[in-house]
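Me: Could you take a close look at a single part of this structure for me? I'd like one strand and its surroundings, walked through in one go.

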Amino acid sequence: MVRKMIASATLAIALTAGATGAKAQDAGKPEAQTFTIGAHMPLTGTLARSGQAFNEGMQVAVKMCNAISPKYQVKIDLIDDESTPAKAVSAVEKLAADGSVAIIGGYGSNIIGPASDASDKLGKVYITAGAVSDELTKRGLKTFFRINNNAGYERGIATLIGDLKPQKVSIIASTKEAPALLAEGLEKDLEAKGIKVTVHKFDPAITDFKPIINKIKLQDKPDIIMMSAYENDYVGIIRAAKVLKPNVKLMVGTWSLATPKMYTEFPDLMNNVVGTSFLPFPVEVKSEEGKKFAEVYKQTYNKDIEYLSTLSFVETMVLCEAIFRAAEDGSLEKGGLAEQMRKTDRDSLLGRIQFDATGDNPNFSLSMGQHRDGKIVLVSPKSAANGEVVYPGLPW
Amino acid sequence: MSVTSPATSAPVASSRFQGRGALLGAGLVILALLPLLTGASPYMLGLLISALILSGLALSWALLGNLGGMVSFGHAAFFGVGSYASALLAAKLGVPVLLAIPLGGVVATLSSIAMLPALRLSGPYFALAILAYAQIFRILATELDWLTGGAAGLQRYPGLPTLFGIDLADRAGSYVVVLACVVLFAVVYVLLRKSHVGTALRAIAESEDATRVVGVNATLLKSWMLFLSAFIAGVFGALNAHIIGFLEPDYAFSGVWSVMPIIAAVFGGYRSVLGPIFGAVVIYLFDQVIAKSLIPVGHQILLGIVLAIMVLLAPNGLAGLVRRFFTKGQFNKTSEKSHAGA
Amino acid sequence: MTDLILQALFSGVLIGGVYALVALGLALAFGAMRIINLAHGELVLLAAYMAYLVESRTGLDPYWAIPLALVVVMAVSWALFVLVDKIKDHRELNSLILTFAIGIILTNAILLIFASDMRSTSSAFLQDAVSFGDLFAMRGEIIAFVLSVVLMGVLWWWLKSSWYGRAVRAVSSNRNAARLMGINPARIETVSFLVAGALASFAGVALYTMSVVQPATGHALTVKAFIITVLAGVGSIPGVFLGAVLLGVTEALTVTLASSALQELAGMVLFLLVLFLLPNGLFGARARRG
């Protein structure tokens, strides 16, 4: 406890010093050139939560980029796309017209597809962390980039489940786009490993999951229940499982599950549940950048890092750096940003970031974190793990 | 009626009205082409395209309400069927896009046959029965993944083509196409209203029992209005699909396509022809340009407030306000006539 | 298989109880005024957020939020009635649109105040499992179900035996005749809206204790409530309960016997079938055909 306090105090001091330093620099060099990065996010509707989390990560990245760059500054111009393709396209057009040098895209392949098309027509670099469909990279756009993809999620989860060697797995999947795609991919992956898989697709409107869980309990009898869904579904599914207590050994989920926030709000549901994650909690980051991210995030939003914020933090950092490089060699105005993006090769909280010819990040793969009494322990893959998985391990 | 209908209403009207109608029509055409002539930005044209698609949908909704006496809460059903049908026809069977779009409307009309039993229902029951259909179609689009691509949706299907050297997929091109469709259906609506069928339909709206005695087949006429409304909504769904280039069930059958036309038509004045069209443009631009800059998150609250105020203070919408304004002046006779018509 | 079906029936009945509570207010206002309050789901949602407010600020059990929810939601419901009452022409259509607009306002106000996070109780007590032999449920669900049945009983008794109750029924069956009998319809309608608001308060708090809420949840609640009102037929409280249970059971059985992806489809098909085949609903007295 004391050690933690000292550590955070030191960091806080370091950061304040950094911030004052930056301010002094700002005052000293008022001629720093500012670039605008456009962004469209869902800020209303059912996906509003995701849009907010993305925005937080972006803002932190911008702060950190600006703090270390005396010559160039960036700022974010954010528009609510209301999870509507036409409004996302309008947003891209408006952002481009207002002078954004690049666009960060929101959430959902149905939004990202048309929006990045529009961006491509306007010759603007477009990066996203919220669209996983393979179709997007098949279009061959020269300006499209993304740091995460369905394959990465699949690999992360399949690695963990494969290592545990269960006989049978039941997948509960929302019929929304990203969860449905993930479930399809996982089914194939796991069957290829000789694991028996049953998939239960559910309509997103469902709130009572007991009938599904009971089917799994009495008919499937799996070793692991895998949830490909969203926050509100996890709560319903785990509650139903806690009531019916199927004879399984582990509950695995995906995005937005292994987060400190979920544990704070639903402490009785989360223990031993596994979800995709980048960081253990309390944050143990080896890299300087990660430490600073956690600290600035905490300072700005007074809470622990959210899952999607990490994604948007990394994409924004990568984009900022590419913008600064392009500005430095004078190619920013001449469409050189895409080329600079393609030169990206850096380590990050998500592992190594590179972009292939289609703009995809082939290295993307996720770690799996397990809720353990308020902490999150990374349990897979072995290279990233900081603890052993508790198996069998259940929230009840 | 001349205040609220374009030049095309002329054939039935007297020559005096014809002159004024032509003037009004010419004015409207110039107004509609203004964005192109002044070289509006792609952003502005994009907003206008979305607004006009909503105009078309609002027109279709108002036609059903006004001539058929039916309030629908589920126009997303037709919109979604039209968009999927057209995209699939173009992608899987290679039907030319400009032919696939009206066929999308035809398929939407066919889907409305399933709703014929709902015609016997009154008021809110009909409204929510259509909503149920929209939900059912959405779930079917998700479940029939061999056809529709399921939840992952459809992408990489053809967009609007290049015709006579004009790229219709371009913002300006798309704008003209959508605008032409809105004008076309507005003309059809006006002609229909002026026809004997229109008179009969208005009589039905007044009293169905009375018309039954006179021998008007109310149910048959109402079915035709349902078909026409479904066709129009389907065409605009198809247009939207080819302009956006991505479809998934949640989007194509989104509640937005049921809700926004109602807001737009009520705002503009659903009893007139131009009301829904202008209502959609005004409300969409207000929401996207003004409300959004005032309240970045949750700007729809302003939409709700505007709608509530309109219902309470100006139940005949913008068209009603305009008419009231002109009633004070020389247009007295005309507006009386239009009241009798509505 | 029997195990599966029994549990599905049990889950269906429990969730049906809460559906009934959500639908009751809508059915009451509809019965009294022939007005469908499309903001009813948002009223329920507002109450759920009051429960969240109380639980997150004080750490108390969410049921302690009922007084606060009653005050807030009934006030909003009353304001809503005052506005609806101002409509003079085309009351049926215009009131639909007005209440719909108010629903939009409420949803976005909730979004602006409470942000977009999903909320649900974190109470261990309410989330615990209880079992009756081989049948399982969450404690929150059992409590909500009991609450629903009790409230329905009270409402039924009130409509049947109090003066107001009889007046409500008189106004709903014939507004003008009621006026001649010395009943002031506006006053009766105000009371109906207040009672509907009170029912929404209980429903919202109950919903928060057993399900997850988000600002966008309200609209779906309204639709579900309307479906149940249709299943029930106008003017029948036991009908609302049975209609809601029927819907809950249909949904649960669809998941058990067919696929969980088809649950919503089954509900909608049931709705249409009743609408087309039983013009008076399952238990209603009045026709709804034009």
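**A strand and its partners**

Reply: Let's start with one pairing: A:A173 has A:S228 as its bridge partner in β8(A). Keep in mind that this is a predicted model. That bridge belongs to a wider link, since strand β6 of chain A (residues 168-174) and β8(A) run parallel and are joined by five bridges.

Now for β8(A) itself, which covers residues 224-228 of chain A. Five of its five residues are buried, so the strand is largely enclosed by the rest of the structure; buried here means 20 or more other C-beta atoms within 10 Å of a residue's own. If you follow the side chains, A:I224, A:M226 and A:S228 point one way, while A:I225 and A:M227 point the other way, and all are buried. So A:S228, the partner of A:A173, sits in the set that also holds A:I224 and A:M226.

β8(A) has another parallel partner too: strand β9 of chain A, residues 250-252, pairs with β8(A) over three bridges. Look at A:M226 for an example, as its bridge partner in β9(A) is A:V252. How does the chain get across from β8(A) to β9(A)? It goes through helix α8 of chain A, residues 231-244, and this β-α-β crossover is right-handed.

To sum up, β8(A) pairs in parallel with β6(A) over five bridges and with β9(A) over three, and its five residues are buried.

Note on methods. Residues numbered from 1 in each chain as written. Chains lettered and ligands numbered in written order. Predicted model: local features only at pLDDT ≥ 70, side-chain atom pairs only at ≥ 80, totals over all residues. Buried ≥ 20, exposed ≤ 12 C-beta atoms within 10 Å, placed from the backbone. Helix = DSSP H or I, 4+ residues; strand = E, 2+ residues; numbered from the N terminus. Pairing = 2+ DSSP bridges. Right-handed = clockwise from strand over helix to strand, strands pointing away.
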